[in-house]
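Please look over the structure shown below before reading on. The report that follows takes up its contacts, its sheet, one of its helices and its nonpolar cores in turn.

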Amino acid sequence: MLVFNCTKTAAEFFTVTRQGKKQSPLEKPPTPAIIDTQHENLPVSSWLVHAIKVQRKNVLIAMHVHTRYAMVFTGLQKGNYAEFSRQWLERLFNNMQFFGKQFELCDETSFHTMVEQFIRQNPNPCFCQRGDRSVQSHISDVVWNIEYLADETGGLPEDLVQASLFDESINSTLRSTKTHKDYFHPDEEMFLEWISQYGKLDRSEEPLVREYFRALRLQMPPLLPVPERQDEMQGITETVLRNNFEGKPARVDNVIDFQQARANKKSK
């Protein structure tokens, strides 16, 4: 079950009044606590969503409760929770697919299988209002970084490429929680959770994946599929969005070429 736990500001962002009637996706929390990992014998993917204003623009931050993996979304229209779900899903699928292919842990067929498994376990997202102080403290760090970026550059990420490059920097940052004995990287923990839950990663293979991540951080290659993978990823994402999230079909250029993005950034 996919749960978007909303802070007070996020709950207000997703709630609108049209023709005198309040419209909101918020419902009763499906589990007693935000950290619960099971609901009716099914796994729960729990995220905390926070909304802020930066330079008078809407900014949403979604952070996975257990891995602290975060994604930042800018320019969304108030109340448009379907578009938020669409962008969230597209971004996460892109990122997870890249790591799977980079480490040779999945191909097109196996990734389709993982997407189908994701759909079975998370048929529709649940929006509810509640928070968590520990997760919120890490979100506050992300807020500081996005505000600093806006001050330094004069603006916010304007498209999917720029937003994902920002995500990359915050998810490769070391973090710590009471439930982790050591410091950890959110991108590494998120991928391990994804591939273990929706793929067929054996627990004995986890140390090898961690070695892959250490090597990857030294090499700093692109984080998402290069151009020849765009059509493949696009078809997968559109199918999931159309069948489960009632979002608009994604554009082909929504799949990021991080290699080109890095080159463009360095040339400026």
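## Contacts and overall make-up

Of the contacts in the chain with a separation of 6 or more, what percentage is accounted for by residues 24 or more positions apart? In this predicted model, such residues account for 69% of those contacts. The chain has nine helices and nine strands, and of its 268 residues, 51% count as buried.

## Confidence

The pLDDT averages 83 over the chain, with 82% of the residues scoring at least 70. Two stretches call for caution: over residues 221-230 the pLDDT is below 50, although this stretch has 30 contacts in the model beyond near neighbours in sequence, and over residues 245-266 the pLDDT is likewise below 50, with 54 contacts counted in that way. Where pLDDT is low, predicted coordinates should not be read in detail.

## The five-stranded sheet

Five strands form an open sheet in the order S8-S7-S6-S1-S9, and their pairing is mixed. Strand S8 (70-74) and strand S9 (126-129) are the edge strands, each of them pairing on one side only, while the twist from one strand to the next averages 25°.

At the S8 edge, the partner is strand S7 (residues 57-64), which pairs with S8 in the antiparallel sense over five bridges. Within this part of the sheet, Met63 stands opposite Ala70 in S8.

## Helix H2 across the sheet

Helix H2 (residues 81-102) lies across strand S1 (2-6), strand S6 (45-54), S7, S8 and S9, and it runs at about 135° to S8. From its first C-alpha to its last, H2 reaches 32 Å over 22 residues, which is close to the 32 Å expected at 1.5 Å a residue.

Is H2 mostly covered or mostly uncovered? The helix is mostly covered, since 19 of its 22 residues are buried. H2 is followed by Glu104, a residue whose phi is positive, near 60°.

## Two nonpolar cores

The largest nonpolar core has 41 residues, and those with the most contacts inside it are Trp47, Phe84, Trp88, Leu92 and Trp194. Helix H2 gives the most to this core, contributing eight residues, and the same helix lies across the strands named above.

A second core, separate from the largest one, has 19 residues, including Val54, Val65, Ala70 and Ile139. Ala70 thus ties two parts of this account together: the residue that Met63 faces in S8 is also a member of the second core.

Terms used. Residues are numbered from 1 along each chain as its sequence is written. This is a predicted model: local features need pLDDT of at least 70, side-chain atom pairs count only at pLDDT 80 or more; totals for chains, interfaces and linings use all residues. Side-chain values use heavy atoms; hydrogens and water are left out. Two strands pair if DSSP finds at least two bridges between them. Helices (H or I, at least four residues) and strands (E, at least two) are DSSP runs, numbered from the N terminus. Axes are lines fitted to C-alpha atoms, for helices over the stretch in contact, and angles run from 0 to 180 degrees between N-to-C directions. Contact means heavy atoms within 4.5 Å. pLDDT is the predictor's confidence in each residue, from 0 to 100. A nonpolar core is a set of buried Ala, Val, Leu, Ile, Met, Phe, Trp, Tyr and Cys residues joined through side-chain atoms within 4.5 Å. Buried means under 20% relative accessible area, exposed over 50%, partly exposed in between (1.4 Å probe, protein chains only). The expected span of a helix is 1.5 Å times one less than its number of residues.
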